[in-house]
Amino acid sequence: MLKIIKGMKKGSKPEVIEPPPGPNGPSDVTVNHASRAAIPPSQLPNARSQTIRAPSPQTGEVEMEVTPMLKDVPISERHVLFIKKVNMCSVSFDFSDALKKVKEKEIKRQNLSELVDLVQSGSSKMNEIMQEEMVKMISVNIFRPLPPAAFENTGAIDGDPEEDDMYLEPSWPHLQLVYELLLRYVVSPDTDTKVAKRFIDHSFVLNLLDLFDSEDPREREYLKTILHRVYGKFMVHRPFIRKAITNIFYRFIFETERQPGLGELLEILGSIINGFAVPMKEEHKLFLVRALIPLHKAKFINYYHQQLSYCITQFVEKDYKLADPVIRGLLKYWPVTNCNKEILFLGELEEVLDATQPAEFQHCMVPLFRQIGRCINSPNFQVAERALFLWNNEHIVDLIAQNRDVILPIIFEPLEKNIQGHWNQAINGLTGNVRKMFIEMDAELFEECSNRFLENEAMTKEMREQRELTWKKLEAIASEEGGDDIIMVN
C-alpha cells in the first residue's frame, strides 16, 4: 500500500564527516523527482560573486551565497559548511510571485537538493549537532500556517469536497525537497533511532499530523509515507501515534466532518492493523468501536470509504467475534436517503459477511435481513441490485441456508413485493433468481411462507375494505346531520 522505489546499493566507501558508530551500509532507497534536476552552481548568474542577505526565522540574518559542494571541501571543513547550507535552507520565501528573489530561491533549492543526495547516498555521516540543525530547518519549512480551506472561504457548510477547488502549494518545488530530505533521513540505515528520537519527538509527530489538513494531495502523500516510516522505525512513538490519530478521528466525527487527509490516515492504519498480534488487545477493539465504526456516519464517506472498509475487514479477519459489533455498527449508521452511500455500505457488508462465522452471524441476522429486505424494495434500482447481488456470494448463501427458517420469513415479503410491482425489469429477474434459490433450499418452508404471506395479504385487504366502509358510513351520517355535531361510530 505504501510503496518506495528501491534502487541499486552503492558500493563506494562512504566519506566520513563524523566517525560512524558502526559499519552501516548506505541507504538502498531511491526516489526520483523531476524537481530535483539541478543547475550547477557555476551556471547561476554571478554565482561566484553573488552574496545575498535574507532573514531566517531560525537564525536571523543569513547570507544567501553560492557555496562549494560538500564533497569538494576537506573533511575538517564539512561540518561548518553543512551548518551553513542548513541555515540558508531555513530562509522562507514568498512563492506567490514567481519573479521575486529568483536567485535566492535557486540557491536554496540547490542546497536542499545537495542535502537530499547526501542523506540518500550515505556518503557522509552526520553527528548529533548536524542532525539537530537539519531537523530544525525541516521544521521551519514544513510546519507553517495552512491556508483556509475552500469551504471556509465561501462560507459553505455542506459543500461537496469534490466541487471545491483543489489547492496546490505554490512553494512545492522547495517543499517537496524538504519532505524528501525528511523521508531520506527517517529511512536511512545510518539514522540511529536513539539519537533521532530526540529531534523527531512527540511534538514533531503532532505537527506532522496537523499537516494532514493540507488540501494539496502531493503533500498528504509525502506525509503518509513519512508518518508510516516513523511508526515503523520509532517503536517508542507507536502508542502515541495511534492515540493522536484517534483524537483526529474524534474531532472529525463530533465536530468538523472535514479532514482532507482522512483517507491517507486510514491507509496508514490499514497497514498498522494488518500487523496487530492475535489475540487483539482490548485497546484495539475499543478503537474499532469508538473511532472507526462511527466514521460511517459522515455525509461524504465516499472519499475515504475504501480505506475505512479495508481497516474494518482487517479487524474481522483477525478476530471473527468482532463481526457482530461491526455489522450492528453498520446498521446503526445505515443511510436513509443517500443511495450512493447505501451502495457503499452493502459492498462493505458483503466483505464483512465473507469473514463472518455462523455463530456470530446468528447474533445479528434478524436486524441485518430486515435492513437487506428494505434495500431489496428500494425504488433505486442500483441499491436493490446491490442487495440482491449478496446471493452471488457462496459463503453468504451458505450462512443463509443454515438459518433459512429464520431468514426466509423475514425476506419473503420484500421478494414477493418486488416480483409483483418493482418498476425495473432487471430487478424483477434478479428477485426471481433469489426466490428460486430459496425454493431449492427448502420447498416446504417456502410453501409455508407463501401461505402465510397470502393469509396476511387477505387480512390486510379485509382490514382496508373495512376501513373504507367505515369512512363511507361516517360521510353518510355527516351529510345527514349537516356536519355540525360530533359523530361516534363503533
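Where in the chain is Glu 257 found? Select Glu 257 and you land in the loop between helix H9 (238-256) and H10. Helices (H or I, at least four residues) and strands (E, at least two) are DSSP runs, numbered from the N terminus.

Before moving on, a word about what you have open: this is a predicted model, where local features need pLDDT of at least 70 and side-chain atom pairs count only at pLDDT 80 or more, while totals for chains, interfaces and linings use all residues. Residues are numbered from 1 along each chain as its sequence is written, and side-chain values use heavy atoms, with hydrogens and water left out.

**Stop 1: two loops with a twist in the backbone**

Stay on Glu 257. Its phi is positive, about 55 degrees, although Glu 257 is not a glycine. Glu 257 is partly exposed, with a relative accessible area of 33%. (Buried means under 20% relative accessible area, exposed over 50%, and partly exposed in between, using a 1.4 Å probe and protein chains only.)

Now jump to Lys 101, in the loop between helix H1 (75-89) and helix H2 (102-121). Here too phi is positive, near 55 degrees, in a residue other than glycine. Lys 101 has a relative accessible area of 41%, so it is partly exposed.

Next, pick Pro 279, in the loop between H10 and helix H11 (282-292). Look at the peptide bond from Val 278 to Pro 279: that bond is cis, with omega near 0 degrees.

**Stop 2: a lysine with two partners**

Select Lys 224 and show its side chain. Which residue in helix H8 forms a salt bridge with Lys 224? The partner is Glu 221, with the closest N and O atoms 2.8 Å apart. (A salt bridge is a side-chain nitrogen of Lys or Arg within 4 Å of a carboxyl oxygen of Asp or Glu.) Both residues lie in helix H8 (residues 217-233), 3 residues apart, which is about one turn of the helix. Is Lys 224 buried or exposed? Lys 224 counts as buried because its relative accessibility is 3%. Glu 221, at 39%, is partly exposed.

Add Glu 267 to your selection. Glu 267 also forms a salt bridge with Lys 224, and here the closest N and O atoms are 3.2 Å apart. This pair links distant parts of the chain: Glu 267 sits in helix H10 (residues 262-274) and Lys 224 in helix H8, 43 residues apart. Both Glu 267 and Lys 224 are buried.

**Stop 3: more salt bridges**

Go to helix H18 (residues 404-421), which holds both Glu 413 and Lys 417, 4 residues apart, or about one turn of the helix. They form a salt bridge whose closest N and O atoms are 3.1 Å apart. Glu 413 counts as partly exposed at 37% relative accessibility, and Lys 417 counts as partly exposed at 42%.

For a little network, select Glu 132, Glu 133 and Lys 136, which are linked by salt bridges. Across the whole structure, a search finds 22 salt bridges.

**Stop 4: helices side by side**

Keep H18 on screen and color H15 (residues 358-376) as well. At what angle do H15 and H18 pack? The angle is about 5 degrees, with the axes 9 Å apart. (Axes are lines fitted to C-alpha atoms, for helices over the stretch in contact, and angles run from 0 to 180 degrees between N-to-C directions.) H15 and H18 are therefore roughly parallel (angles under 35 degrees count as that, over 145 as roughly antiparallel, 65 to 115 as roughly perpendicular and the rest as oblique). Residues making the contact include Phe 361, Met 365 and Phe 369 of H15 and Ile 407, Ile 411 and Leu 415 of H18. (Contact means heavy atoms within 4.5 Å.)

Now bring in helix H14 (residues 339-354), whose axis comes within 13 Å of the H15 axis and crosses at roughly 150 degrees. That makes H14 roughly antiparallel to H15. Among the residues that meet here are Leu 346 and Leu 349 in H14 and Leu 368 and Ile 372 in H15.

**Last stop: Leu 445**

Select Leu 445 in helix H20 (residues 443-481). Leu 445 is buried, with a relative accessible area of 11%. Leaving aside neighbours within four places in sequence, Leu 445 is in contact with Arg 404, Asp 405 and Leu 408. The C-alpha atoms of Leu 445 and Arg 404 are separated by 8.5 Å, and the two residues are 41 apart along the chain.

Finally, zoom out: the chain has 20 helices and 2 strands, and 47% of its 490 residues count as buried.
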